[in-house]
Amino acid sequence: MKRAFHQQVSSARAALTPDVHVNVDWAQHELFFRREMAEIYSRDTDTDQNLREVFHLLSEILGLNRGRLFIYDDNSGLLSIRCAYGLTEKEKARGILRPDEGVTGKVFVSGQMTIVQDIDSEPTYLWRSVARSAMPSGTTSMFFFPIVLDGKTRGVFCANRFRGISRNLTADIGIMHEVVGHIGQMLRVEELIAERVQTHTVALEHENRALRQALKHDTLKYGIYGDSVKVRTAIRQIEQVAASDVTVLLVGESGTGKELFANALHIASRRAEGKYIKMNCAAVPESLFESELFGHEKGAFTGAMTAKAGQFEQADNGTLFLDEISELPLNLQAKLLRVLQEKTIQRIGGRERAVNVRIIAATNQDLRQRVAEGRFRLDLFYRLYVVPIFLPSLRDRPEDVPILIQHFIEEANVAFQRRVHCSGML
């Protein structure tokens, strides 16, 4: 492609000389130009770099020189050159206009394309950026096209056209319309990216503000959002028993965050560096309970193709959280009681082995009632009910509602890249 590009450039430059420009195959040049434009537009690169390459192609391939893009700044109320080809930095810096100045300002205000056949004879042309003496001799025309986004004029693109070129004026106007359309799309994509970045930044700022505010509360270090007396009481109880290996029973309705509090107990304990294994007793089929809890050896039963470590072995030197402990089958309750007493387990088809596991159990049921119904062993109940911690439901701590609302809003802002916020609540 580079070789083809250089051949086209050489051909285009040669076409500008009076002797040979009549023999240029402009259709071939336009095809090459459009192909290069499509490639540039598809790049995920800097907008200004892409614009400069487009202006370069216009000049070198089609002979439309000194392309420049004026953008209006809402703050200053001025038009200035954002990007240009064929102008020095000093010339670009001089390209600052009020919307009522020169041909560029007129096109910006009117939103209408303008073609100046001879800039030497145009009284409103200002020569602000490039002095006439720096321009080639001969007649020079100029195209001025408004850049319109969402029905609003945002800037003006202009380019020189030397009268000696053999290209058809209508063809140049068509090419310029295409270029202006591409420029508008580039700027729109840039705006959308900027909006997304700003939205994401604002969302992060809201999240950081919420986190800084929440850091004032001891509960956040455990991922628990709430500052009510009842939540703080539960956290204080967690921290008081964390240093020992005593069995803890978390009691609360569904949705009170039993898993969060169990995790908090593990984090606060000396076993924090060990594994934290979770098992929901209500989600395991009864036929698989023993294997899940204690593991099995290869060939211990039909289908036991390999040996498997149970949850107790996996949690060795760490913490095992047994959620919905009330759903543990009666025959397994006796085996769990033995583990709590002896600190040993036995895989199905295997030998006993010692384990060092801290048990945290949780229930949303009244275990005393389950004992009375004969569905839970009394001796296991007393083994688990060493340190009961009662977790409050949200209706019992309404003062935590604003904190939770803010937390969920911030999560949604990050997930959906929005900047919604709730005022007057915190």
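Here is a walk through this predicted model, from one helix to its two sheets and then to a few single residues.

Some ground rules first. Residues are numbered from 1 along each chain as its sequence is written, and side-chain values use heavy atoms, with hydrogens and water left out. Since we are dealing with a predicted model, local features need pLDDT of at least 70 and side-chain atom pairs count only at pLDDT 80 or more, while totals for chains, interfaces and linings use all residues. Helices (H or I, at least four residues) and strands (E, at least two) are DSSP runs, numbered from the N terminus.

Let's start at helix 3, residues 47–62. The expected span of a helix is 1.5 Å times one less than its number of residues. For the 16 residues here that gives 22 Å, and the end C-alpha atoms are indeed 22 Å apart. Next, burial: buried means under 20% relative accessible area, exposed means over 50%, and partly exposed is in between (1.4 Å probe, protein chains only). In helix 3, 12 of the 16 residues are buried, so the helix is largely enclosed by the rest of the structure. Among them are Leu51, Val54, Phe55, Leu57 and Leu58, but also Asp48, Asn50 and Glu60.

Both ends of this helix have something to show. At the N-terminal end, Asp46 acts as a cap, with a side-chain oxygen 3.2 Å from the backbone nitrogen of Asp48. That is a polar contact, meaning a pair of N or O atoms within 3.5 Å; within protein, one must be able to donate a hydrogen and the other to accept it, and residues adjacent in sequence count only if both atoms are side-chain atoms. After the helix comes Gly63, with a positive phi near 75 degrees.

Now to the sheets, where two strands pair if DSSP finds at least two bridges between them. One open sheet has 6 strands in the order 3-2-1-6-5-4, with antiparallel pairing. Its edges are strand 3 (96–97) and strand 4 (114–116), each pairing on one side only. Helix 5 (residues 102–110) packs on this sheet and touches strand 1, strand 2, strand 3, strand 4, strand 5 (140–149) and strand 6 (152–162). Contact here means heavy atoms within 4.5 Å. The direction of helix 5 makes about 140 degrees with that of strand 6; axes are lines fitted to C-alpha atoms, for helices over the stretch in contact, and angles run from 0 to 180 degrees between N-to-C directions. Within the sheet, strand 1 (residues 64–73) and strand 2 (residues 78–84) are antiparallel and share 6 bridges, one of which matches Asp73 with Leu78.

The other open sheet has 5 strands in the order 8-11-14-7-15, and here the pairing is parallel. Strand 8 and strand 15 (387–390) are the edges, each pairing on one side only. On average, neighbouring strands of this sheet are turned by 20 degrees against each other, direction ignored. Strand 11 (residues 319–323) has 5 of its 5 residues buried: Thr319, Phe321 and Asp323 on one face, Leu320 and Leu322 on the other. Strand 11 pairs with strand 8 (residues 276–280) over 5 bridges, with Lys278 partnering Phe321 and Asn280 opposite Asp323. It is joined to strand 14 (residues 358–363) by 4 bridges, and there Leu320 stands opposite Ile359. Helix 7 (residues 229–242) lies across strand 7 (248–251), strand 14 and strand 15, at about 160 degrees to strand 15.

Two loop residues are worth a stop. Thr256 sits between strand 7 and helix 8 (258–268) and is buried, with a relative accessible area of 5%. A polar atom of its side chain lies 2.7 Å from the backbone oxygen of Glu253. Beyond its neighbours within four places in sequence, Thr256 is in contact with Phe261, Leu391, Pro392 and Ser393. Phe301, in the loop between strand 9 (295–296) and strand 10 (308–309), is partly exposed at 35% relative accessibility. With neighbours within four places set aside, Phe301 is in contact with Ser291, His296 and Ile348. The C-alpha atoms of Phe301 and Ile348 are separated by 8.4 Å, with the two residues 47 apart along the chain.

Finally, the cysteines. Cys158 is buried at 1% relative accessibility, and Cys281 is buried at 2%. A search of the whole structure finds 0 disulfides, a disulfide being a pair of cysteine sulfur atoms within 2.5 Å.
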